[in-house]
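Biologist: Got a minute to walk me through this one? I'd like the overall picture, then a few details.

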Amino acid sequence: MKPESEIVKQIRNYEEIFWINKNVNLEKNLNDSVLKNCVDAAEKRLERFSPLIAKLFPETKISNGIIESPLVCISKMKNKIENIFENCLNGNLYLKCDSNLPISGSVKARGGIHEVLEHTEKLALENGILKNIQDDYLKLASQEASKFFSKYKIQVGSTGNLGLSIGIMSASLGFNAIVHMSSDAKQWKKDLLRQKGATVIEYDGDYGEAVKNGRTESDRDPFSYFVDDEKSKSLFSGYAVASLRLKKQLAENKIIVDEEHPLFVYIPCGVGGAPGGIIYGLKLLFGNNVHCFIVEPTHAPCMVLGLETGLLNEICVQDIGLDGKTKADGLAVGRCSSFIGKIFENILDGAITISDDKISAYQKMLWESENIYIEPSSCAGFYGLKFVEKYMQKKNLTNKIKETTHIIWATGGSMVPQEIRKSELEFR
Ligand SMILES: *Cc1c(COP(=O)(O)O)cnc(C)c1O
C-alpha cells in the first residue's frame, strides 16, 4: 500500500481541496476511435428521433425535437462571485442551463434519453417495427409499437435524476420502466415518476445498493434492459453530444476558443458519467484550449479520491471514513465509475471539493442576482472559480486571463416543485 498523500489526508478530514491533474495527456485518451464514433452516432441518432421527440414532448417543438438548453451570460452573478472570492475573473461568465433541459430537467436528459432511444431503435429494427434507420420514426408512437414495447422492461438505479430521465422516456414509449431509488432520492422525484407510469422501488441504502439490486433484478429477466450508469457507452455518448451543441452556441455568441482565448468549464460530478461524457466531447473539439474541472461535495468526493489514489472504483469514500451524505443528492455517490476514471486520468485538468454550506449560498446568490433557480447539486460548479488564478499561474496562463470564458455547467433544477424551491432558498 502506498503511503497516504497529503490530498487524501485532507479528503479524509472533510477538508476542501483543489487538485490539479499531473497526468494530462490528450493523445493517450482521445484517440479511441470506437468512442469517437459513438459520439457521432449518438448525434445522428438524436436527429433521427427528433420528429418523434417533438411529437411525444410538445415542449420540444420549438427546437424541432432536439433536446437542448440555453447558454446564458450571468454578469450579475459574476460581480457577486468576484466580491466573495476577492479576485477578478476578467473574462466572461456563462451558465450552461442543463437545469432547463426539456423532458426531465437535468443533464440526465442528454445521456439517459439517448440510451433509451438507442435500445428502442435496436428493438424496433430487430422486430420489424422499423424497416431501417431511414424509416418513419413516428411509427414508434403508434399503439402497435407501444403494445410491443410494453412486453419489455427498462430498469435503472438512481439517486433521482437519472431515474427521472430513463423513467419518463421509457414510460412514454410504452416500456415497463422500473427505477431503483437510493435513500437520498427526493420524495417528489419518486412521486413524479409514479405519476408518469414508472415503478419505483425504494432502498434504505445508498446509490451503490440501488444499482446492485436493479442490475440483479434485470439480469434475471431476458425481456429486461439495465441502464448501467457506471459503464454505459450509450449514456456517455449521449452526454458527449453536448459539446457539439455547445460549439454552435459559442459561435452564435461570438465566443472564440483558441490558444489565446481559453475556455474554462466547471461541472458537478457524481459517479462521473455526465461530466465524463461532456468533458471528453469538449476535449475532442477544443483540445488543450479547454480546461475542464469537476466539483464534488466534501462528503462524497469519490472521483478525486479514485484519481488521487489511482484506485478508481476500487476505493469508496466510506473506506476512508467519510459518510457520503450531502444535500447535493445527485452527487451523493461513494464510488466512481472506473470507465470514466480511466478517461479522466489523462483528460481532466483538475478537481475541487465543496462543503454543503457553500452550495446553498451559491443557490441563493444565483436566484437573487439572476433570477435563475437550480437544484443544490447543480450549484457546486461555481466553487471552481475560486481556484482559477492559482491554476492559471501554475499553467502560465495569466497573460490570457482577460480573454478567458468561464462556463458553469448547471446540471438540474427545472422540475423541482415550487414549495421545495422556496424552502431551499429560505434557508438560514
Ligand atoms: C447526475 C447529476 C450530476 C452528476 O452526474 P454523474 O453522471 O453522476 O457524475 C450532477 N448534477 C445533477 C443535478 C445530477 O443529477
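**Overall fold**

Modeller: Sure. The chain's secondary structure comes to 16 helices and 11 strands. Keep in mind that this is a predicted model.

Biologist: How compact is the chain for its length?

Modeller: As compact as a globular protein of that length, because its radius of gyration is 21 Å, close to the 22 Å that the globule rule gives for 428 residues. The C-alpha trace spans about 60 × 45 × 45 Å along its principal axes.

Biologist: And how much of the chain counts as buried?

Modeller: 61% of the 428 residues. The chain exposes about 17,500 Å², and carbon and sulfur atoms supply 48% of that area.

Biologist: What share of the contacts comes from residues 24 or more positions apart?

Modeller: 74%, taking the contacts with a separation of 6 or more.

Biologist: OK, cores. How many residues are in the largest nonpolar one?

Modeller: 105 residues. Those with the most contacts inside it are Leu140, Phe149, Leu250, Leu282, Phe344, Ile407 and Trp409. Helix H10, residues 233-252, gives the largest share of this core, with 8 residues. There's also a second, separate core of 37 residues, which includes Phe18, Leu89, Met365 and Phe387.

Biologist: Pick Phe149. What does it touch?

Modeller: Leaving out residues up to four places away in sequence, Phe149 touches Thr120, Leu123, Ala124, Leu140, Leu173, Gly174, Phe175 and Asn176. Leu140 is also on the list of residues with the most contacts inside the largest core.

Biologist: Back to that second core. Phe18 and Phe387 both turn up there. How are their rings arranged?

Modeller: They're stacked, because the centres are 4.8 Å apart and the planes are at 20°, and under 30 degrees counts as stacked. The pair links distant parts of the chain: Phe18 is in strand S1 and Phe387 is in the loop between H14 and H15, 369 residues apart.

Biologist: Are those two buried or exposed?

Modeller: Buried. Phe18 has 13% relative accessibility, and Phe387 has 12%.

Biologist: Which other ring does Phe387 pair with?

Modeller: Tyr383, in an edge-to-face pair at 5.4 Å centre to centre, with 90° between the planes. Both Tyr383 and Phe387 are buried. Phe18, Phe85, Tyr362, Phe382, Tyr383 and Phe387 form one aromatic cluster, and the structure holds 17 aromatic pairs.

Biologist: Switching topic: why would you call helix H12 largely enclosed?

Modeller: Because 7 of its 8 residues, in the stretch 302-309, are buried. Those are Cys302, Met303, Val304, Leu305, Gly306, Leu307 and Thr309.

Biologist: What covers them?

Modeller: The cover includes helix H1 (6-12), strand S1 (18-20), strand S9 (290-297), helix H13 (338-347) and strand S10 (350-354). Just after H12, Gly310 takes a positive phi of about 75°.

Biologist: Any residues with positive phi that aren't glycine? Which ones?

Modeller: Two to look at are Asn371, with phi near 65°, and Asn396, with phi of about 55°. Most residues other than glycine have a negative phi. Asn371 lies in the loop between H14 and H15, while Asn396 is in the loop between H15 and strand S11.

Biologist: Buried or exposed, those two?

Modeller: Exposed: Asn371 is at 55% relative accessibility and Asn396 at 65%.

Biologist: The H14-H15 loop keeps coming up. Where does Ser378 sit?

Modeller: In that loop, between helix H14 (356-370) and helix H15 (388-394). Ser378 is buried, with a relative accessible area of 0%. Its side chain reaches the backbone nitrogen of Gly412 at 3.0 Å. Not counting residues up to four places away in sequence, Ser378 touches Pro268, Trp409, Ala410, Thr411 and Gly412.

Biologist: Last one, Trp367. How accessible is it, and what is it in contact with?

Modeller: Trp367 is in helix H14 and partly exposed, with a relative accessible area of 35%. Leaving aside neighbours within four places in sequence, Trp367 is in contact with Ile372, Tyr373 and Leu425. The C-alpha atoms of Trp367 and His180 are separated by 32 Å, and these two residues are 187 residues apart along the chain.

Key: Residues numbered from 1 in each chain as written. Predicted model: local features only at pLDDT ≥ 70, side-chain atom pairs only at ≥ 80, totals over all residues. Heavy atoms only, no water. Core = buried A, V, L, I, M, F, W, Y, C linked by side-chain atoms within 4.5 Å. Buried < 20%, exposed > 50% of the residue type's maximum accessible area, 1.4 Å probe, protein only. Helix = DSSP H or I, 4+ residues; strand = E, 2+ residues; numbered from the N terminus. Contact = heavy atoms within 4.5 Å. Polar contact = N/O pair within 3.5 Å; in protein donor to acceptor, adjacent residues only side chain to side chain. Rg over C-alpha atoms; globule rule 2.2 N^0.38 Å. Areas by Shrake-Rupley, 256 points an atom, 1.4 Å probe, with all protein chains shown as cover. Phe/Tyr/Trp six-rings, centres within 6.5 Å; stacked < 30°, edge-to-face > 60°.
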